[in-house]
Amino acid sequence: MTTLTLGTVSDSPRGGSLAALARHSVALARRSLIKTMRTPEALIDVTLQPVIFLLLFTYLFGGAISGGHRDEYLQVLLPGMLAQSLAMGGIALGQNLNADIEKGVFDRFRSLPVARSAPLIGAVGADIIRYLTVCVVMLGFGMIMGFRVQTGFLPAVAAVALAVGFGLCFCWISVWVGMLVRTPGAVQGLMFLIVFPLSFGSNVFVPADTLPGWLQWFVNVNPITPLVSTIRGLLLGGPVASHLWATLAWMAALLVVFVPLALRGYSRRA
């Protein structure tokens with residue numbers, strides 16, 4: 001199946017039109033999806049892991065944090081955990097790309113008449129399925145635990161769309177790291193050093209105004225914070241506009257900074 005996909009990629013000249021780039025990227029995204037379907041255990045980080053975190057923080061820490069009101073804390077926690085799970089879900093992308101480079105897969109891509117960026121764009125595009133899986137698992141399991149959307153169907157769809165869009169922008173950090181380091185294990189270690197401070201140094205678990213002043217400053221400039229606030233507003237009600245604009249600005253900044261860095265790293269590595 002993968003051979004047929006690569007054959008499709010070779011139909012157009014290297015560096016052709018945007019339509020050709022899109023066609024090549026879709027073909028390579030299909031390759032990534034086939035690879036995921038053949039190794040479903042690779043989805044543990046976007047299925048079982050978010051559920052474990054949600055159970056852990058709701059029932060082990062939720063009572064202490066919320067003064068015993070676990071059900072109320074779940075309403076606040078789940079939108080934040082959704083944002084955290086999306087950020088962590090992109091780590092596997094950098095690992096997989098790094099492993100493909102080490103195995104020589106990208107040497108095959110270089111021999112094909114496709115745009116140099118198509119393998120990276122295709123891999124990122126395939127991650128849409130992973131992010132949608134996170135959203136479905138978190139919201140579905142959260143409703144079993146007692147979480148309820150307060151705003152209706154359309155705002156919930158908007159929250160999912162924004163979360164997936166942010167995940168696709170944020171994962172370019174993982175792509176860049178995957179182009180820099182030597183092993184998939186190093187990608188995971190370095191990305192955890194990036195994602196964990198952003199996740200815990202935000203408003204995911206507790207309100208920012210309960211933190212020390214110096215930490216509040218970090219929370220306020222953290223890209224996860226406006227995303228969490230926007231998702232909470234869309235799912236539970238409350239202010240959305242200002243947080244949404246801040247989230248969109250961070251998404252644009254992530255693309256502007258890390259897409260060129262990732263492509264430059266790929267050109268040097270592959």
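How do the residues of the lining of the largest pocket divide into nonpolar, polar and charged? Ten are nonpolar, five are polar and five are charged. Keep in mind that this is a predicted model.

**Stop 1: the pocket**

Select Ser 32, Lys 35, Thr 36, Ala 92 and Asn 96. The largest pocket holds about 390 Å³ of space. Of its 20 lining residues, the five just selected are the closest to the centre: Ser 32, Lys 35, Thr 36, Ala 92 and Asn 96. Now colour the helices around them. Four elements each give two or more residues to the lining: α2 (18-38), α5 (91-103), α6 (105-110) and α7 (118-145). Which element gives the largest share? Pick α5, with six residues.

**Stop 2: the core**

Move on to the largest nonpolar core, which has 70 residues. Select Leu 97, Leu 120, Phe 170, Val 175, Ile 224 and Ile 231; these touch the most other members. Next, show helix α8, residues 153-180. This helix gives the most to the core, with 16 residues. In general, nonpolar side chains tend to be buried together in soluble globular proteins.

Zoom in on Phe 170. Leave aside residues up to four places away in sequence, and Phe 170 touches Ala 87, Val 195, Leu 198 and Leu 254.

**Stop 3: the aromatic rings**

The structure holds nine aromatic pairs. Start with Phe 53 and Phe 57, whose ring centres are 6.3 Å apart. Their planes meet at 10°, so the pair is stacked; the cut-off for stacking is under 30 degrees. Both residues sit in helix α3 (residues 48-66). They are four residues apart there, so about one helical turn separates them.

Are Phe 53 and Phe 57 buried or exposed? Both are buried. Phe 57 counts as buried because its relative accessibility is 9%, and the limit is under 20%.

Now add Phe 200. The ring centres of Phe 57 and Phe 200 are 6.2 Å apart. Their planes lie at 45°, so this pair is tilted. Phe 57 is in helix α3 and Phe 200 is in helix α9 (residues 184-200). With their positions 143 residues apart in sequence, the pair links distant parts of the chain. Phe 200 has a relative accessible area of 38%, so it is partly exposed.

**Last stop: the cluster**

Which residues form one aromatic cluster? Select Phe 53, Phe 57, Phe 61, Phe 192, Phe 196, Phe 200 and Phe 205 together.

Methods: Residues are numbered from 1 along each chain as its sequence is written. This is a predicted model: local features need pLDDT of at least 70, side-chain atom pairs count only at pLDDT 80 or more; totals for chains, interfaces and linings use all residues. Side-chain values use heavy atoms; hydrogens and water are left out. On a 1 Å grid over the protein atoms alone, a cavity is a set of points where a 1.4 Å probe fits but cannot get out, and a pocket is an open set with protein on both sides within 12 Å along at least five of seven lines; lining residues have an atom within 4 Å of a point. Grid points are joined across faces, edges and corners, and a volume is the space filled by probe spheres set on the points. Ala, Val, Leu, Ile, Met, Phe, Trp, Tyr, Cys and Pro count as nonpolar, Asp, Glu, Lys and Arg as charged, and the others, Gly among them, as polar. A nonpolar core is a set of buried Ala, Val, Leu, Ile, Met, Phe, Trp, Tyr and Cys residues joined through side-chain atoms within 4.5 Å. Buried means under 20% relative accessible area, exposed over 50%, partly exposed in between (1.4 Å probe, protein chains only). Contact means heavy atoms within 4.5 Å. Rings of Phe, Tyr and Trp (its six-membered ring) pair if their centres lie within 6.5 Å; planes under 30 degrees apart count as stacked, over 60 as edge-to-face and the rest as tilted.
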